Amino acid sequence: MRLAAFVLVCALQLALAGFGHAQNYPAKNIRIVVPYPAGGPTDLVGRTVAEALTKELKRTVVVENKAGAGGTIGSDTVVKSAPDGYTLLLGLMGPMSIAPKIAPNLPYDPLKDLVPIRLVAIMPEVLVARPTLGLQTLAQVVAFGKANPGKLTIASAGSGSLPHLAAELLKRETGIDALHVPYRGAAPAVNDLVGGQVDLMFADGPVVLPQIVGKLLLPVLVATDKRLPVLPDVPTSREAGFPTVRSENWYGVLAPKGTPRTIVEVLDRAVAAGIAEPRIEESFSKLGVDIVREGTPETFSAFLAAQLEKWGDLARDVGAKVE
């Protein structure tokens, strides 16, 4: 009886301490770790979230770019940080949904070691082709791929990247035989695609929009269910007749395991209010990025689990590697 009472008192004290801490939150500046280099779509989203939180919380939120090992180094930094709401992670597909199934000795489990706060944005992949290929629709790509096994080449930003897995998903769902050509990053892959060394590539919208506008690359489809305002004439996977060829990068805010629920709720509300500004939606829309308006920490948690099962399993099945 005395032991039970002691445990109850300790638990109550811890709860009250956490409540008191949350009542004063935030009492200092916050950092959000972006696990990729400065520049590019990931950094843009991270800095937009930091700006939104700064405005809503009345505290400076700084971005710390901590790149390496496909985003896993920066992610692990947050996992090992104090669960006090002052170190956050901009999570995304690679380190959260792909690496856990294929990276040897990964020091964290995204479903166990992090607390989801809010899903922020979805960025559909765009399938682009070199104009001289002469294939303008997915139906034409599939017909050519089946009639000419192994002749189509599909570039990617590297083994285990979302563009790689999007290509593998395309092959699996359409039954075409195409050669995957991995590069070290999206930029050299796009350069070779423009130069005609490879035929096709999946990429984040912001990566290839300049080439699409400049007529250097031909957009074949947007790998999602809804057309992008920035590419209004490009059909979706569903419209192209292959609704399961759906590939979307995503971005969300997470915190270390053990972060008090009250702090999670403060951050959830602040992120939601911050990204609701029309100027942010307009800015993201021009890049082919959709703001996620609805959601809770619980729906984000379920989303994480589903993404890990879909993409992590596919990466493992095709023998992808973290680079």
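A residue is called buried when its relative accessible area is under 20%, exposed when it is over 50%, and partly exposed in between. By this rule A69, which has a relative accessibility of 37%, counts as partly exposed. The structure in which A69 was examined is a predicted model, and the position of A69 within the chain is in the loop between β2 and α3. The backbone of A69 has a phi near 55°, a positive value in a residue other than glycine.

Two further residues with positive phi were found. K58, which lies in the loop between α2 (40-57) and β2 (61-65), has a phi near 60°, and K58 too is a residue other than glycine. With a relative accessible area of 67%, K58 is exposed, because the cut-off for that class is over 50%. The other case is K215, placed just after α8, where phi takes a positive value of about 65°. A backbone feature of another kind occurs in the loop between α1 (2-23) and β1 (30-34), where P26 is located: the peptide bond that joins Y25 and P26 is cis, with omega at about -5°.

Turning to the protein as a whole, the chain forms eleven helices and ten strands. For 323 residues, a compact globule would be expected to have a radius of gyration near 20 Å, and the value of 21 Å computed for the protein agrees with this. Along the principal axes, the C-alpha atoms fill a box of roughly 75 × 40 × 30 Å. Of the 323 residues, 51% are buried, while the accessible surface comes to about 14300 Å², with 57% of that area belonging to carbon and sulfur atoms. Among contacts with a sequence separation of 6 or more, 78% are made by residues that stand 24 or more positions apart. The side chains include 32 positive and 31 negative ones, and the centres of these two sets lie 3 Å apart.

Strand β4, which spans residues 114-129, is mostly covered, since 15 of its 16 residues are buried. The pairing of β4 with other strands was examined next. With strand β9 (residues 248-256), β4 pairs in the antiparallel sense over nine bridges, and within this pairing P116 has L254 as its bridge partner. Strand β7 (residues 200-204) also runs antiparallel to β4, to which it is joined by five bridges, with V126 standing opposite A203. The pairing of β4 with β8 is antiparallel as well and extends over four bridges, one of which sets L127 against L221. Finally, β4 and strand β10 (residues 290-291) pair in the antiparallel sense over two bridges, and here the partner of I122 is D290.

Helix α8 (residues 205-213) contributes the buried residues G205, V208, L209, Q211 and I212. The spacing of such positions can be read against the geometry of a helix: an α-helix has 3.6 residues a turn, so residues three or four places apart point the same way. The buried residues of α8 pack against β4 and also against α7 (186-194), β7 and β8.

Three individual residues illustrate how surroundings vary along the chain. L218, located in strand β8 (residues 218-222), is partly exposed, with a relative accessible area of 25%. When neighbours within four places in sequence are left aside, the contacts of L218 are with L127, V128, A129, P131, L135 and Q136. The separation between L218 and V234 is 16 residues in sequence and 9.8 Å in space, taken from C-alpha to C-alpha.

S75, by contrast, is buried, with a relative accessible area of 1%, and is found in helix α3 (residues 72-79). Not counting residues up to four places away in sequence, S75 touches P35, L89, P95, M96 and Y108.

A320 is placed in the segment after α11 (297-317) and counts as buried, with a relative accessibility of 4%. Apart from neighbours within four places in sequence, the residues in contact with A320 are I102, S159, G160, H164, L165 and A315. Between A320 and E277, which stand 43 residues apart along the chain, the C-alpha atoms are separated by 39 Å.

Methods
Residues numbered from 1 in each chain as written. Predicted model: local features only at pLDDT ≥ 70, side-chain atom pairs only at ≥ 80, totals over all residues. Heavy atoms only, no water. Buried < 20%, exposed > 50% of the residue type's maximum accessible area, 1.4 Å probe, protein only. Contact = heavy atoms within 4.5 Å. Rg over C-alpha atoms; globule rule 2.2 N^0.38 Å. Areas by Shrake-Rupley, 256 points an atom, 1.4 Å probe, with all protein chains shown as cover. Lys, Arg positive; Asp, Glu negative; His and termini not counted. Charge placed at Lys NZ, Arg CZ, Asp CG, Glu CD. Pairing = 2+ DSSP bridges.
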